[in-house]
Structure formats: structure tokens, C-alpha cells
Amino acid sequence: MKYRSLNDKNHKVSFEDAVVRGLAPGKALYFPEDMPKLSQDFFKNLDKYSKEEIAYEAIKAFVGDEIEKNSLQEILKKTLDFEFPVVSISENIGTLELFHGPTLAFKDVGAGFMAGCLGHFVKKGNLGRITVLVATSGDTGGAVANGFLGVEGIDVVILYPKGKVSEIQEKQLTTLGQNITALEVNGNFDDCQDMVKKAFSDSGISEKRQLTSANSINVARWLPQMFYYFFAYKQLAEKKKKLAFSVPSGNFGNICAGMLAKQMGLPIDHFIASNNKNNVVTRYLKSKEYTPKQSVQTISNAMDVGNPSNFVRILELFDNEFDSLSQQLSSFSYSDKETRKAIKEVKQKYNYVMDPHGAVGYLGLQDFLAENPKYYGTFLETAHPVKFLQTVEEVIGEKVEIPASIIEVMNKEKKSFEISDYAELKDFLMK
């Protein structure tokens, strides 16, 4: 499999090069040159496969022969060492829980897979030392820090917006030490992401350090998110209904991977991009005009993205044809007030505790099902509610049980460096 730049179709690289480089020249994203199709027999017999076997069949064409079969299977086994249950909420609504991994967030899968792939390439001995440079709006930082902790030959530098991640999220990315460094940015997530992209195109830095990114702009972070939808379909196939997935969307890597899975043949009928007030895609589907705006802070902070990087990949999946895309994708936007109300109502009515991101996904699914009642809908719970402890407890009026792993991390000392602009980031990376 070759990967081409979305800015230059003549620029093509291998899977390894796409993973190591992170971005193509000119800050462009890489995109697979071919779209593999899986057989209908495979989907009909999903119940006979383990999740590791399903993941291998889904990802093997994208990796090709650059990681041999046994090594790829071992990476998948380690990455997927937890469950992905679909929990019933009501007769026609379920939630896919993606928070059973080591940092209690859906990004554990992408971070773990990328760490495994990059670690494999480093061990081959021709890359030298690599620096993973990543921006986070919340959960990416902790997942990347955990996934790459102690991986030989790799340093990790994480940028996060000061005061705009939860206390637990901050502790997960600032307390590990070893090869992990956290930079606390005086700004928002878009500022962090812009700094990362600028660093990749800075020849002064590239001469000093070999950089790659672990955001969902990296193909090894983005692609394995398709696994969630295969695992969910295995549990939902017996519903015998059209299936819709509502995805809390920030940088749009997760929902883009789901739409990729659909193009590979996975029988999903519709996707809903559920947004908070950072709603550039909701506005685009109404106006046909894509107008990024400065991000605003919300209680669903991992979605506080004003210019989602992966939406260009979604457009590429549909050959930039608006009508084709709009038939398969809906989008809705919600305020913090509406999000809090949903958390409270679902707890009272169904005794289920959602985090703020899952609550936005639930709201989007409700609005879609109101107009499409023949669907069975699944919203994604992308993080454990404990990661937004203060917000959730205030809304439901009850204490949330804190997992032992979170208690342990909260007792650790935060270690970070504060920066305000790109010049300070460059200075740090050049030392």
C-alpha cells in the first residue's frame, strides 16, 4: 500500500514513511492510494472471529508487507487487550463503550497501535532516534504518553492548552516522566496544533530532530480507529435494522475511520457527527461553505477544535462531492447547557452515566432517530465519566466511583514546562 499526499497526488510513500513522517510536505495529510474491499462472507461470519483476528483482516492491506504477519498480530494483541462492549440504553439506542483501555479513553487504541508500529520500525535500526510531537485537546496526550512510555529510541513531546483539559487528563500526561515531556501552552488547542504543524515544516528543527506526530493526522493513529465499528457491528448484526453511529467529533479522525470502514464494505448505513459549539462541520452541511473559526472552550473539551484536520480525509473519501457525503453524514451541534441536561436525563431515566462527549453523541443520535425511527442507533462513549469528574458529579448529584488507576495517577506530581509561542517550542526542540 502506498500513501499519497492530499496536496500532491504525485507524492507517494510507503506505510513506514507515512508513519515516520507524520505529515507530507506542505503540512498535507497522507491518504491510502487504494481502498481495499473485504468480502461479504467475512462480515457474515464476524461472530466466528476474535477481535484480534477482525482487526488483522481490516488493517493488513494498509500495512502490507512492511510489518510481517506475526509481528503485526502481536502489536494488535497488545493494543486490543481490553473490551469494547455495546451497552443497551433503550429499545433502539445503545452505546459503544471505548473507555476500557489503560487511560480510560478511546484514543488508547490508536496510540497503542502507532507505538507498536513505530517501535517496530525503530528496532530495524535505520531510523535513529525519533521525537513524537503531538498536540492534545484532552485525551490524546494521556493515551500517547501511556502508549509510548519506555519505547526504546522514541522521545515524546506533548503540547496541551493550559487550563483547558480536566485535572485527570492533565495528570495522565504530565506525571509519567522517562521519555515523556509535557509542554503547557498559554492558548487553546488550535494554537497547540498550529505549533506542531509549523514545527514539521521548519528545516531548522528537522536538521536537529527527526519528528513525527501521534495526532490522528498520522495514519497509524487514524486507521486503527476503524476497529471500533467492526467490533460494534459484530454485536449489532442481529438487530436486523439499519445501523446509525453517532460520533462525538473534534478532529474528525474517529468518524473518518468509521466511514472508511463502511467503504471497505462494513454494513453501516449512516453516520452522525455530533458537535459541541465548535461546529464547523454542522455549519458546512447546512451551507456547503467550510469556514473554520477559532475554537471555544466547552465541557466536552476533547472536541474543542475549530479547524478539524481529518475532515479533508472525509472529503477525499467522497471525491469532494457534497451530495454524496451529505447522504451518508448528518451533523448536529449542542451547547454545554444541553449537554448537562442530557447527562442528567439519561442518568435519571436509564441509570447510565455519560461523560460530556458521550452526551453530545447521545443528543445527536436522538435528533437523527426522531426523523429516522427505523434505525438502531449507537452513540460512542469515548471517555470514562471519571475523567470529567467535577462536571458529571455536579450534574447527576452523586459521586462517581473512581477506578484505582485514576487514584494512583492523581497522587503523582505534575511535571510540565510552560510555553507561550512557537519560538519557545522551537527553542525547546533545538536543545
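## Working through a predicted fold

Not counting neighbours within four places in sequence, N188 is in contact with P161, K164, Q294 and S295. Keep in mind that you're looking at a predicted model. Let's start from N188.

**Exercise 1. Find where N188 and G187 are located, and decide whether each is buried or exposed.**

*Step 1.* Place them. N188 is found in the loop between β8 and α8, and G187 lies in that loop between β8 and α8 (189-200) too.

*Step 2.* Check the cut-off. Buried means under 20% relative accessible area.

*Step 3.* Apply it. N188 has 9% relative accessibility, so N188 counts as buried. G187 has a relative accessible area of 16%, so G187 is buried as well.

*Step 4.* Look at who's around. Skipping residues up to four places away in sequence, G187 touches P161, K162 and K164. Take K162: G187 and K162 are 25 residues apart along the sequence, but their C-alpha atoms are 6.7 Å apart in space. As you saw above, P161 and K164 are also among the contacts of N188.

**Exercise 2. Work out how β7 and β8 pair, and how covered β8 is.**

*Step 1.* Get the direction. β7 (residues 154-161) and β8 (residues 180-185) pair in the parallel sense, and the pairing runs over six bridges.

*Step 2.* Pick out a pair of residues. L159 stands opposite L183 in β8.

*Step 3.* Judge the cover. Five of the six residues in β8 are buried, which makes this strand mostly covered.

**Exercise 3. Sketch the three-stranded sheet and say which strands stand at the edges.**

*Step 1.* Write down the order. The three strands run β2-β1-β3 in an open sheet, and their pairing is antiparallel.

*Step 2.* Find the edges. β2 (12-14) and β3 (30-32) each have a single partner strand, so one side of each has no neighbour in the sheet.

*Step 3.* Add the twist. Ignoring direction, neighbouring strands here are turned by 40° against each other on average.

*Step 4.* Zoom in on one pairing. β1 (residues 2-5) and β3 are joined over three bridges in the antiparallel sense. For a pair you can point at, R4 stands opposite F31 in β3.

If you're wondering what holds such pairings together, strands of a sheet pair through backbone hydrogen bonds, either parallel or antiparallel.

**Exercise 4. Do it again for the six-stranded sheet: which strands are the edge strands?**

*Step 1.* Order first. The strands line up as β4-β5-β13-β10-β11-β12 in an open sheet with mixed pairing.

*Step 2.* Now the edges. β4 (86-90) and β12 (329-333) pair on one side only.

*Step 3.* Then the twist. From one strand to the next, it averages 25°.

*Step 4.* Check one pairing inside. β5 (residues 93-97) and β13 (residues 375-381) pair in the parallel sense over five bridges. The bridge partner of G94 in β13 is T378.

*Step 5.* Look at what lies across this sheet. Helix α13 (residues 280-287) lies across β11 (270-275) and β12, and runs at about 120° to β12.

**Exercise 5. Describe how α4 and α5 meet.**

*Step 1.* Start with the geometry. The axes of α4 (residues 69-79) and α5 come within 9 Å and cross at roughly 150°. The crossing is right-handed.

*Step 2.* List the residues. From α4 you have S71, L72, I75, L76 and T79, and they meet V109, G112, F113, G116, C117 and H120 in α5.

*Step 3.* Sort them by class. This contact has six nonpolar, five polar and no charged residues.

**Exercise 6. Which residues have the most contacts inside the largest nonpolar core?**

*Step 1.* Name them. The largest nonpolar core has 124 residues, and F15 and M226 have the most contacts inside it.

*Step 2.* See which element gives the largest share. That's helix α5 (residues 107-123), with nine residues.

*Step 3.* Follow F15 outwards. Beyond four places in sequence, the contacts of F15 include M1, Y3, F62, I67 and V219. F113, C117 and F121 are among them too.

*Step 4.* Look for a second core. Apart from this one lies another core of 32 residues, including A244, Y334, Y352 and L363.

**Exercise 7. How many residues of α12 are buried?**

*Step 1.* Count. Nine of the eleven residues in α12 (residues 253-263) are buried, so the helix is mostly covered.

*Step 2.* Name some. Among the buried ones are N254, I255, C256, M259 and L260.

*Step 3.* Step off the end. Just after α12, G265 takes a positive phi of about 120°.

Terms used:
Residues are numbered from 1 along each chain as its sequence is written. This is a predicted model: local features need pLDDT of at least 70, side-chain atom pairs count only at pLDDT 80 or more; totals for chains, interfaces and linings use all residues. Side-chain values use heavy atoms; hydrogens and water are left out. A nonpolar core is a set of buried Ala, Val, Leu, Ile, Met, Phe, Trp, Tyr and Cys residues joined through side-chain atoms within 4.5 Å. Buried means under 20% relative accessible area, exposed over 50%, partly exposed in between (1.4 Å probe, protein chains only). Helices (H or I, at least four residues) and strands (E, at least two) are DSSP runs, numbered from the N terminus. Contact means heavy atoms within 4.5 Å. Two strands pair if DSSP finds at least two bridges between them. Axes are lines fitted to C-alpha atoms, for helices over the stretch in contact, and angles run from 0 to 180 degrees between N-to-C directions. A crossing is left-handed if the near helix is turned anticlockwise from the far one by less than a right angle, and right-handed if clockwise. Ala, Val, Leu, Ile, Met, Phe, Trp, Tyr, Cys and Pro count as nonpolar, Asp, Glu, Lys and Arg as charged, and the others, Gly among them, as polar.
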